[in-house]
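Q: I would like a close look at one part of this model, taken slowly and with the terms explained as they come up. Please keep to what can be computed from the atoms.

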Amino acid sequence: APAPVAVYSGQAGVEAPDPSFGGQGPPLAGCSSCGGCVIGCRIGAKNTLDQNYLHLAEALGSVIQPDTRVDAVGPREGGGYAVRSRRQRWTADRVVFAGGVLGTVPLLLKMRQDPAGLPALSPRLGDFVRSNSESLIGVSTRRPDLDLSAGVAIGSILHPDAHSSIEPVRYPSGSGVFRLLMAPHAPGKNAAVRLARAAGELLRHPWRWTQAYWKRDWARRTSILLYMRTLEGSLRLRRGRFGGLRSGLADGPAPTAAIPEATELARAFAEEVDGVVSSLITETALGIPSTAHILGGACMGASAADGVIGADHQVHGYPGLYVVDGAAVSANPGVNPALTITALAERAMSAIPENSP
């Protein structure tokens, strides 16, 4: 089925007045079907955070400070919060954490250890982290007549069953560096089995791999299949000895580097386009699963004993402090979570009265 996308499909490369926000946003150019949506639209056809939403925020008076990393957040004397970077300090009555799991959760973990920070944060901080239970598999075709880069990055979605989905993802022509990260897809219970199967695949079909894999424009010949499931299972993130993150298995089955259903679909697609199937080399060699959609770590709960935030996304014990990003998502949605995160954000912000401090 076609997937809804935030891309303007007018005349290719020709700018038109904002078609998405009642004329309040910047003009958009018609999509040229270059496939560059994921790594950055080249012509201004896609609704994105920096092109559209920050534009609208600035029109309402927001001040954007790029290339600025927040290092500390804590209560200020008299109420509200102080936010600090290496060179600047701000104060606010309300603060929203929206740095994604790998931005929000490490900062909150750091602040929980800081007596002047947020020491009363929930003990569940860092729990319920999920990988969207997914598998990323590449399929590269040998056929010179196929251009797998043409179109929007993700234009369709297939639901093999009620609990899973798979999306073919395009990358634009010239984006061949991804090739250096790939190896033959070779599921197996240990490294020896995986490496032996990968070597066997290369030895059995050397000419097929040469034709498919070493084409000059790898992105034009390759589609990345993104398979996702609603399967439950979670990880736990904790702060390491030197300030980094440590992860560990929490509840449910552990994420795996290969999912049989995803492998079957990828091989069927490869047969259809006369291609080969590959995975990230870390999966083939080390068995380390990958994810494009890390979620959770600051999930909802009725109290601080159950979760980091309440149903309104406000942090338990810290009124005016909010977590509004993927860290708040408390389950594997089984699809790209962007719309889920957007809906949660709009719901959370709608509960704050207009013109409130």
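Which residues lie nearest the centre of the second largest cavity, and how many residues line it?

A: This is a predicted model, in which local features need pLDDT of at least 70 and side-chain atom pairs count only at pLDDT 80 or more, while totals for chains, interfaces and linings use all residues. Residues are numbered from 1 along each chain as its sequence is written, and side-chain values use heavy atoms, with hydrogens and water left out.

The second largest cavity is lined by 13 residues, and those nearest its centre are Cys-31, Cys-34, Gly-36, Cys-37 and Cys-41. A cavity here is a set of points, on a 1 Å grid over the protein atoms alone, where a 1.4 Å probe fits but cannot get out, and a lining residue has an atom within 4 Å of a point. The volume of this second largest cavity is about 70 Å³, where a volume is the space filled by probe spheres set on the points, and grid points are joined across faces, edges and corners. By class, its lining divides into 7 nonpolar, 5 polar and 1 charged residues; Ala, Val, Leu, Ile, Met, Phe, Trp, Tyr, Cys and Pro count as nonpolar, Asp, Glu, Lys and Arg as charged, and the others, Gly among them, as polar.

With cysteines named at this centre, the matter of disulfides follows. A disulfide is a covalent bond between the sulfur atoms of two cysteines. It is counted here when a pair of cysteine sulfur atoms lies within 2.5 Å, and by this rule the count comes to 0 disulfides. For Cys-34, the closest cysteine sulfur is that of Cys-41, and because 6.1 Å separates the two, they are too far apart for a bond. Cys-34 is partly exposed, at a relative accessible area of 23%, whereas Cys-299 is buried, at 3%; buried means under 20% relative accessible area, exposed over 50%, and partly exposed in between, with a 1.4 Å probe and protein chains only.

For context, the structure holds 3 cavities of 30 Å³ or more, and the largest has about 150 Å³ of space. The largest cavity is lined by 19 residues, of which Ser-131, Ser-133, Pro-253, Ala-254 and Pro-255 are the closest to its centre. Its lining has 8 nonpolar, 7 polar and 4 charged residues.

Ser-133, one of the residues closest to the centre of the largest cavity, also deserves a word on its backbone. Most residues other than glycine have a negative phi, and most peptide bonds are trans. Ser-133, although not a glycine, has a positive phi of about 45°, and Asn-132, likewise not a glycine, has a positive phi of about 60°. Asn-132 is placed in the loop between helix 2 (101-112) and strand 7 (134-141), and Ser-133 is also in the loop between helix 2 and strand 7; helices (H or I, at least four residues) and strands (E, at least two) are DSSP runs, numbered from the N terminus. Asn-132 counts as buried at 0% relative accessibility, and Ser-133 is buried as well, with a relative accessible area of 10%.

Strand 7, which follows in the numbering of this loop, belongs to an open sheet of 6 strands in the order 8-9-11-7-14-10, with antiparallel pairing; two strands pair if DSSP finds at least two bridges between them.

Methods. On a 1 Å grid over the protein atoms alone, a cavity is a set of points where a 1.4 Å probe fits but cannot get out, and a pocket is an open set with protein on both sides within 12 Å along at least five of seven lines; lining residues have an atom within 4 Å of a point.
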